[in-house]
Amino acid sequence: MADSRTPRSAEGLGSSSPAPAVTRAAAVLDALAEAPSGRLTLSDLSRELGIPKSSTSNLLMALEEARLITREGADFSLGRKLVELGAAYLSRLDEVQEFYKFCEQAPTLSGETVRIAMIDGDHIIYLARYEGHPAVRLTSNIGDKMPLSLSAVGKVLLAQLHDHDIEAMFPDDVELPVMTPKSLRSAAELKSQVAAIRKKGYALEDEESTLGVVCLAVPVPTHGAHGPSLGLSVTALKATFSEEQAALMVKELKELAHSLGNPMG
């Protein structure tokens, strides 16, 4: 419920925006996306945005008419139009199309669960997932977010940042999110892994987000001062994982990364 959320300022979200209605509409979508149940009431959203119920109601009516949200009784949730918009966005990313094509033809990756993700603040967001291993389906879906410290692809992308940026995001006293007994607990542990990742060129997540599952990841090389924003990962079952398998996976991930980062050669 929204009661546990931190309310916006009394002036209301979007009060300083050149288009406050758009800013508030985006905040409604964000709030619904972050809600544990996926549903919020008019009162919940009014408190979240920090604006009167009448103004919130007008926003919700417009979003519902545009099919961006849907209403069931007193509850509002995200609408299916967002799926169409998301699919349209992904279909125009050449990297995503090349990703699927490569995975289908790769000797090792074609039989595994492979994902492409981009960095988003202190999280990563998954853009595409190739399903080649039906036994590994308990991993993140397209559009899901994961803290950088809990995923191989998050850690490998973190390793591409400047040290001062990493320090700003993960000061020594910060508490990392925990999902399993093997999750990293401290920023010092994370920074130690970052140093190792830079030397190896790939990252390993060993049951840190899901027990029984390991993950390997590499960055996609891109031009620019801020390093790559895309990463690739492959998921495997811990019980059958081997060093030989890891070597083959990393080899093909790097080949795919090179293909995506340097399409002309």
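Where is the place of Asp44? Keep that residue in mind, because we will select it partway through the tour and find it in helix α2.

**Before you click**

You are looking at a predicted model, in which local features need pLDDT of at least 70 and side-chain atom pairs count only at pLDDT 80 or more, while totals for chains, interfaces and linings use all residues. Residues are numbered from 1 along each chain as its sequence is written, and side-chain values use heavy atoms, with hydrogens and water left out.

**Stop 1: the whole chain**

Show the chain as a cartoon and you will meet nine helices and nine strands. Helices (H or I, at least four residues) and strands (E, at least two) are DSSP runs, numbered from the N terminus. Of the 265 residues, 43% count as buried; buried means under 20% relative accessible area, exposed over 50%, and partly exposed in between, with a 1.4 Å probe and protein chains only.

Switch on a surface next. The chain exposes about 13900 Å², and carbon and sulfur atoms supply 55% of that area. Areas like this come from the Shrake-Rupley method with a 1.4 Å probe; for residues, only the protein chains shown count as cover. As for contacts (heavy atoms within 4.5 Å), residues 24 or more positions apart account for 56% of those with a separation of 6 or more.

**Stop 2: the six-stranded sheet**

Select β4 to β9. These six strands form an open sheet in the order β6-β5-β4-β9-β8-β7, with antiparallel pairing. At its edges are β6 (145-147) and β7 (203-206), each pairing on one side only. Neighbouring strands here are turned by 30° against each other on average, direction ignored. Axes are lines fitted to C-alpha atoms, for helices over the stretch in contact, and angles run from 0 to 180 degrees between N-to-C directions. Two strands pair if DSSP finds at least two bridges between them.

Now zoom in on β4, residues 113-120. Its antiparallel partner β5, residues 123-131, is joined to it over eight bridges. On the other pairing, β4 meets β9 (residues 230-237) over six bridges, again in the antiparallel sense. Click Ile116: it stands opposite Ala128 in β5, and its bridge partner in β9 is Leu232. Val114 has Tyr130 as its bridge partner in β5.

How many of the eight residues of β4 are buried? The count is six, so β4 is largely enclosed by the rest of the structure. Follow the chain from β4 into β5 and you pass through a hairpin with two residues between the strands; Gly121 in the turn has a positive phi of about 70°.

**Stop 3: the three-stranded sheet**

Select β1, β2 and β3. They form an open antiparallel sheet in the order β1-β3-β2. The edges are β1 (40-41) and β2 (69-72), each with a single partner strand, so one side of each is left without a neighbour in the sheet. Two bridges join β1 to β3 (residues 75-78), and Leu40 stands opposite Phe76 in β3. Add helix α1 (residues 20-34), which lies across β1, β2 and β3 and runs at about 95° to β3.

**Stop 4: helix α2 and Asp44**

Select residues 42-49, which make up helix α2. Its buried residues are Asp44, Leu45, Ser46, Glu48 and Leu49, and they pack against α1, β1, α3 (53-65) and β3. Here is the Asp44 of our opening question, in helix α2; it counts as buried because its relative accessibility is 2%. Draw a C-alpha to C-alpha distance from Asp44 to Phe76: the two are 32 residues apart in sequence and 9.9 Å apart in space. After α2 comes Gly50, with a positive phi near 70°.

**Stop 5: two unusual backbones**

Most residues other than glycine have a negative phi. Select Arg67, in the loop between α3 and β2: its phi is positive, about 65°. Arg67 is partly exposed, with a relative accessible area of 43%. Then go to Glu207, in the loop between β7 and β8 (213-219), where phi is near 60°. Glu207 counts as buried, at 11% relative accessibility.

**Last stop: rings**

Show the side chain of Lys200: its charged end sits over the ring of Tyr202, 4.9 Å from the centre. The rule asks for NZ of Lys or CZ of Arg within 6 Å of the ring centre and within 35 degrees of the ring normal.
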